[in-house]
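Visitor: I'd like a close look at one helix in this model and at what surrounds it. Could you walk me through that part, and then carry on to a neighbouring region?

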Amino acid sequence: MVSCRRVCVLLLLAGPVHSQSVRVVSEFQRVDPFGEVVRVDRTEHPREILSPGVARNAFASFHIAVTIGDREPFFVYIQTNPPDIFRISLYKELYVKTDAGWVPDALQAVQVPAFDTLPYLPLPIPGQNTVSYWMDLWVPAETAVERVRLEVLVKVGRGWVEYPMEVRVMRAVAPTIQERHATLPAVTERADAAVYGPFRNFVCHTRERGHEERLSVRRLIHRNAVQDLALADGLEGRAGDLRAELLGRAGVLDKKRWCRSPEALAEQGAEWFLRVRDATYRRAASAQD
């Protein structure tokens, strides 16, 4: 267990970003190199990632944003209690410059603890003060249903900054899936746009067509949606009219109309799929009773 000086996560969430900070946000809140959520992803009330629920035999993913001073080397650690309960992969998010600003997209696998510093070479971004990572948790099917403490720790010099989480392993067990090829949205579209293909497949009984995509934030958001909706599909007939409930969670009022001409759920905010996921996991737990 790494010993550290604890910094209250609530201060990090409620106040301004300090010269050294670490934040964890949902997969639908991409963070730019200046510590701000990408403009298109911003929502009025983003979810605080303090006690997320996760399914078993499934992935759960989050963005880690480390704001740091120029030329301050740092290390990123991730630890759990009990230890080694999840398989944890960490990817550095690489930024692409667009007309709407810098957006993290391509993913580069890194080892934990991950070492980094700014400016990022060989492609420095003027004014960059934040490095973002994609944290991928794999929850094995046999994982006990319990609460697991997970800490993201950043070591800067002799000091530490911490983001503590309590991950709730739920009774839901996702089916084993094969990652599908997909036509992903443009990087400039809202993060949840990567969910529309799998969601339409589930709601409208269509089949998404596409091709293999490189490893990216958009691709893994799509993978997570395929996984969650495969679980939902397996619950049909055992959990009532789940499709109707999930449509309601997404804010779709007219299924037939939406299936004929799917419209972006702009009024629902970028994190609307989190409500769909929550409802699916709860129904999966109820179906086992």
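Guide: Happily, and please keep in mind that this is a predicted model. Let's begin with the surroundings of helix α4: the cover over its buried residues includes α2 (196–204), α3 (217–235), α5 (255–260) and α6 (272–287). The helix itself spans residues 242–250, and the residues being covered are Leu242, Arg243, Leu246, Leu247 and Ala250. Viewed down the axis of α4, these buried residues fall within an arc of 135°, so they line one face of the helix. The spacing fits a simple rule: an α-helix has 3.6 residues a turn, so residues three or four places apart point the same way. Just after α4 comes Gly251, with a positive phi of about 85°.

Now for Glu27, a residue in the loop between β1 and β2 (53–56). Glu27 is buried, at a relative accessible area of 2%. Its side chain makes polar contacts with the side chain of Asn224 at 3.3 Å and with that of Arg277 at 2.9 Å. Beyond those two partners, Glu27 also touches residues including Ser61, His63, Trp134, Ala191 and Ile221.

Two of these names lead us into the strands: His63 has Trp134 in β8 as its bridge partner. Strands β3 and β8 (residues 130–139) pair antiparallel over 10 bridges. Strand β1 (residues 21–26) also runs antiparallel to β3, joined to it by six bridges, with Ser21 standing opposite Thr67. As for β3 (residues 58–67), nine of its 10 residues are buried, so this strand is largely enclosed by the rest of the structure.

How values were computed: Residues are numbered from 1 along each chain as its sequence is written. This is a predicted model: local features need pLDDT of at least 70, side-chain atom pairs count only at pLDDT 80 or more; totals for chains, interfaces and linings use all residues. Side-chain values use heavy atoms; hydrogens and water are left out. Buried means under 20% relative accessible area, exposed over 50%, partly exposed in between (1.4 Å probe, protein chains only). Helices (H or I, at least four residues) and strands (E, at least two) are DSSP runs, numbered from the N terminus. Two strands pair if DSSP finds at least two bridges between them. The arc is that of the directions from the helix axis to the C-beta atoms. Contact means heavy atoms within 4.5 Å. A polar contact is a pair of N or O atoms within 3.5 Å; within protein, one must be able to donate a hydrogen and the other to accept it, and residues adjacent in sequence count only if both atoms are side-chain atoms.
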